[in-house]
Amino acid sequence: MAKRGQRFREWLLYQFLTPLRACFEWWMRRQNAVLFYCIMGNGLGDAMAISTILNAMHEKYGTRGVVFSMHPDLFLHNPQVIKNLSYKAMPSGVRSLFKILLRALRGPAVICIGGEVWTVGTSPFDVRDLHKRRYAGWNWLQKLLPDYQPAISYEGVYPRIFFSTKEEEAFSRKYQELQKPFSILKASVGVNRPKGTYLKDWDLQKIADVVEAVPEVIWVQLGDKTETPIAGTLNMLGKTSIREAMWLVAQSHFVLSVEGFMTHVAAALNKPAITPLTGAYD
């Protein structure tokens, strides 16, 4: 019932702010720009989808973006990003008002990754889209864009990651003793994730069996400090920042990871990724 009330409030504000939305869309068209926001949960992979979609729009139309997210580190030094706004760094009152405004501006100028309680173009009394269902042939990227579908192809598109010269120099010094070639291991999805996310996890013993069976590989295990370390790896759990972890992927030979953030990073950096799939996802 609470969600139905929220749907109606979102729909009502959307109608009320139609003149403002029309003006904002006109202005953003003139700038050839779009604002993306992703403020759901702690999924790094979903947030990185902003980069994928923006990159596809930039390559086709030259579009650049303003990004509002919980993970601004993903978009640092990206020349396609005009402004990189951090959800967590914004005062709570300001970000609450900003979120309310963005919900009412959704469309070609403001794209929400993941969607809100009410989906643009639907009746506020229609509850069918409250029940998110997968279906044969569904596309993850398109599924993340329920309100507005930009005219781009979703086949063969990749996220982008950029490092500054200062970062390259600093990370090279910090990890200069790390022997090359090495490969990255991400053995689990991590902790404090939505319940369904754990369906992606492969049996840790099977991961350990792979590591043991390939001793010629220098394995570097990345992830949260609370994850289970795998014997035979260089344990760097909880010892890297997001930026450092992505840079280490860039320096690696290949990646062995459950489906998620690391596989998206590998795609962005053109690194081979071996991903055990459990059957939870097609």
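**A guided look at helix H9 and beyond**

Guide: Let's start with helix H9, residues 261-268: seven of its eight residues are buried, so the rest of the structure largely encloses it.

Visitor: What makes a residue "buried", and what makes a stretch a helix?

Guide: Buried means under 20% relative accessible area, exposed over 50%, and partly exposed in between (1.4 Å probe, protein chains only). Helices are DSSP runs of H or I with at least four residues, strands are E runs of at least two, and both are numbered from the N terminus. This is a predicted model, where local features need pLDDT of at least 70 and side-chain atom pairs count only at pLDDT 80 or more, while totals for chains, interfaces and linings use all residues. Residues are numbered from 1 along each chain as its sequence is written, and side-chain values use heavy atoms, with hydrogens and water left out.

Visitor: Which residues of H9 are buried, and what covers them?

Guide: The buried ones are Phe261, Met262, Thr263, His264, Val265, Ala266 and Ala268. Their cover includes helix H3 (44-61), helix H8 (242-251) and strand E5 (182-186). After H9 comes asparagine 270, with a positive phi near 60°.

Visitor: Why is a positive phi worth pointing out?

Guide: Because most residues other than glycine have a negative phi, and most peptide bonds are trans. Asparagine 32 also has a positive phi, near 50°; this residue sits in the loop between helix H2 (18-31) and strand E1 (33-38). Histidine 77, with a positive phi of about 65°, lies in the loop between strands E2 (64-69) and E3 (81-86). As for the peptide bonds, lysine 180 and proline 181 are joined by a cis one, with omega about 0°. Proline 181 belongs to the loop between helix H6 (165-174) and E5.

Visitor: Why is histidine 77 called partly exposed?

Guide: Its relative accessible area is 44%, so histidine 77 falls between the two cut-offs. Asparagine 32, at 31%, is partly exposed too.

Visitor: How do you know that methionine 90 is buried?

Guide: Methionine 90 has 17% relative accessibility, which is under the cut-off, so buried is the word. This residue is in the loop between E3 and helix H4 (92-104). Beyond its neighbours within four places in sequence, methionine 90 is in contact (heavy atoms within 4.5 Å) with Phe68, Arg95 and Phe98.

Visitor: What does asparagine 139 touch?

Guide: Leaving out residues up to four places away in sequence, asparagine 139 touches Tyr154 and Glu155. Its side chain also reaches the backbone nitrogen of leucine 141 at 2.9 Å. Asparagine 139 is in the loop between strand E4 (110-112) and helix H5 (140-143).

Visitor: How many disulfides does a search of the whole structure find?

Guide: Zero. A disulfide here is a pair of cysteine sulfur atoms within 2.5 Å.

Visitor: Why doesn't cysteine 112 have a bond with cysteine 38?

Guide: The closest cysteine sulfur to that of cysteine 112 is in cysteine 38, and 7.3 Å is too far for a bond. Cysteine 112 is buried, at 5% relative accessible area, whereas cysteine 23 counts as exposed at 51%.

Visitor: Is leucine 12 in helix H1 buried, partly exposed or exposed?

Guide: Partly exposed, because its relative accessible area is 45%. The helix H1 that holds leucine 12 spans residues 2-16.

Notes: A polar contact is a pair of N or O atoms within 3.5 Å; within protein, one must be able to donate a hydrogen and the other to accept it, and residues adjacent in sequence count only if both atoms are side-chain atoms.
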